[in-house]
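Visitor: Could you take me through one part of this model close up, strand by strand, and then show me what sits around the ligands?

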Amino acid sequence: MLLNQTEQEVRAIIGQSADKLRQKQVGDRVTYVINRNINFTNICEQHCNFCAFRRDEGEDGAFWLTRHQIIEKATDAVEKKATEICMQGGLNPQAKLQGKSLNYYQELVTTIKQEFPQLHLHAFSPQEIQFIAREDNLSYGDVIIALRDSGLDSMPGTAAEVLDNKVRRVICPEKINTETWLEIISLAHSLGVPTTSTMLCGHIENSRQQINHLMQLKQLQKIAIENDYPAKITEFILLPFVGQDAPKSLRNRVGRDQPILEDTLLLTAVSRLFLGELIPNHQPSWVKIGLHGAKEALKWGCNDIGGTLMEEHITTMAGATGGTYMAVETLREAIKSLGRSYQQRNTLYELL
Ligand SMILES: C[S@@+](CC[C@H](N)C(=O)[O-])C[C@H]1O[C@@H](n2cnc3c(N)ncnc32)[C@H](O)[C@@H]1O
Ligand SMILES: Nc1c(NC[C@H](O)[C@H](O)[C@H](O)CO)[nH]c(=O)[nH]c1=O
Ligand SMILES: N[C@@H](Cc1ccc(O)cc1)C(=O)O
Ligand code: SF4
């Protein structure tokens with residue numbers, strides 16, 4: 001099993017194989033996207049054991065942005081030439097309009113899209129879709145169609161964590177299970193909404209569970225392609241767990257504050273080898289492993305350096321040290337220093 005290799009020389013060979021495959025599949029060019037995160041609230045009814053972002057209503061540090069604040073952030077993003085807004089939030093049962101969660105989320109979408117129709121709105125994880133459906137007693141399809149028709153362009157494949165119900169019962173016992181995550185992502189593809197895919201790694205999961213996670217992503221992509229769905233998975237992003245300020249239960253069990261870069265790189269390489277031609281775009285998270293780590297990951301199978309983000313709260317609140325904003329020039333310099341060329345892309349990996 002590749003993931004169980006501990007010797008540095010053996011790991012290096014796995015990395016080189018992934019790097020070669022990356023080169024063959026997508027060439028040497030490294031892409032980036034100019035985007036802005038907007039986390040509209042951190043008030044959340046759930047209590048995931050890795051999450052330092054969530055707050056109860058009224059608790060210290062709880063926030064809930066107004067429409068005006070959201071427009072201000074989007075305006076600033078457009079001034080900085082952003083093509084994408086990435087929007088996710090806590091699951092806040094108070095976030096309703098005329099008694100409906102869907103109305104509130106649709107208003108989030110139209111707030112941005114009416115003002116800036118050219119912006120690509122990448123928003124709402126499968127967990128958020130399930131939350132709206134449950135609150136309003138709607139089907140997942142009803143929710144996705146309504147948001148899509150209001151202007152939602154694509155969805156983050158977050159909330160995947162590790163697609164293993166045993167792991168989920170420990171790290172996110174209140175979250176949707178594996179089957180529901182897969183169902184909602186596949187439904188989005190069939191309804192013409194592209195998604196990304198992620199894995200929250202480096203906590204309690206074992207290598208068999210990591211491989212099984214990748215296998216399920218592969219299967220999802222096969223379903224989208226074989227059924228000729230109008231959308232599919234655009235990229236894979238490894239999200240290494242940051243434990244420093246995460247809830248003590250998980251932090252102490254994992255026993256470390258920051259991700260181990262060497263392990264992240266090995267999994268980066270194995271993900272490239274394993275997902276193969278089905279998911280050709282791979283992105284590291286500079287928020288979680290730093291720009292230095294992201295540059296390394298570009299030698300271990302990644303071909304994209306991610307987004308400018310402009311602000312980041314979720315893992316920064318967990319103690320991530322990678323920063324919250326990367327200027328375009330910084331991303332380009334990082335790519336150039338590897339002897340590779342850079343290219344701006346949009347959310348769907350079309351070159352700009
Ligand atoms: C915070 S949620 C926001 C959307 C929504 N509340 C949900 O859970 O789907 C987005 C993702 O952030 C990631 N995340 C949260 N805390 C993290 C941590 N301490 N380290 C690394 N990733 C983390 C998880 O993968 C999670 O699915
Ligand atoms: N790695 C992180 C991301 N990545 C997502 C990208 O920025 C972008 O939205 C995607 O590639 C679609 O174009 N976003 C975060 O908020 N935090 C990360 O750590
Ligand atoms: N917001 C997620 C990262 C993310 C965002 C959008 C994506 O499509 C994928 C990953 C985090 O901080 O962990
Ligand atoms: S990961 Fe998402 S659902 Fe879980 S507690 Fe954090 S904000 Fe809430």
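Guide: Start with Val30 in strand 1, whose bridge partner in strand 9 is Tyr342. This is a predicted model, in which local features need pLDDT of at least 70 and side-chain atom pairs count only at pLDDT 80 or more, while totals for chains, interfaces and linings use all residues. Residues are numbered from 1 along each chain as its sequence is written, chains are lettered from A and ligands numbered from 1 in the order in which they are written, and side-chain values use heavy atoms, with hydrogens and water left out.

Strand 1 covers residues 30-33, and three bridges join it, in parallel, to strand 9 (residues 342-344). Two bridges also link strand 1 to strand 8 (residues 304-307), again in parallel, with Thr31 opposite Asp304. Strands (E, at least two residues) and helices (H or I, at least four) are DSSP runs, numbered from the N terminus, and two strands pair if DSSP finds at least two bridges between them.

Side chains in a regular strand alternate between the two faces of the sheet. In strand 1 both faces are covered: Val30 and Tyr32 are buried on one side, Thr31 and Val33 on the other. Buried means under 20% relative accessible area, exposed over 50% and partly exposed in between, using a 1.4 Å probe and protein chains only.

There's another sheet to look at, an open one with three strands in the order 5-6-7, paired in parallel. Its edges are strand 5 (195-201) and strand 7 (282-283), each pairing on one side only. Strand 6 meets strand 7 through two bridges, and Ile237 has Gln283 as its bridge partner in strand 7.

Now for ligand 1. It has 19 residues around it, and Phe50, Gly89, Ser125, Ala159 and Glu161 come nearest; to count, a residue needs a heavy atom within 4 Å. A polar side-chain atom of Glu161 lies 2.6 Å from an oxygen atom of ligand 1. Backbone N or O atoms come in as well: one of Phe50 is 2.9 Å from a nitrogen atom of the ligand, and one of Ala159 is 3.0 Å from an oxygen atom. Taken alone, ligand 1 exposes 550 Å², and the protein buries 95% of that; areas come from the Shrake-Rupley method with a 1.4 Å probe, and for residues only the protein chains shown count as cover. Helix 4 (126-136) and strand 6 (233-240) are the elements that give two or more residues to this shell.

By class, the shell around ligand 1 has nine nonpolar, six polar and four charged residues. Here Ala, Val, Leu, Ile, Met, Phe, Trp, Tyr, Cys and Pro count as nonpolar, Asp, Glu, Lys and Arg as charged, and the others, Gly among them, as polar. Phe50 turns up again around ligand 4, alongside Cys44, Gln46, Cys48, Cys51, Phe53, Arg54, Leu91 and Lys175. That shell splits into six nonpolar, one polar and two charged residues.

What about the cysteines? Cys51 counts as buried because its relative accessibility is 18%. The whole structure has zero disulfides, a disulfide being a pair of cysteine sulfur atoms within 2.5 Å. Take Cys302: its closest cysteine sulfur, in Cys201, is 11 Å away, so that's too far for a bond. Cys302 has 3% relative accessibility, so it counts as buried.

Definitions and conventions: Polar contact = N/O pair within 3.5 Å; in protein donor to acceptor, adjacent residues only side chain to side chain.
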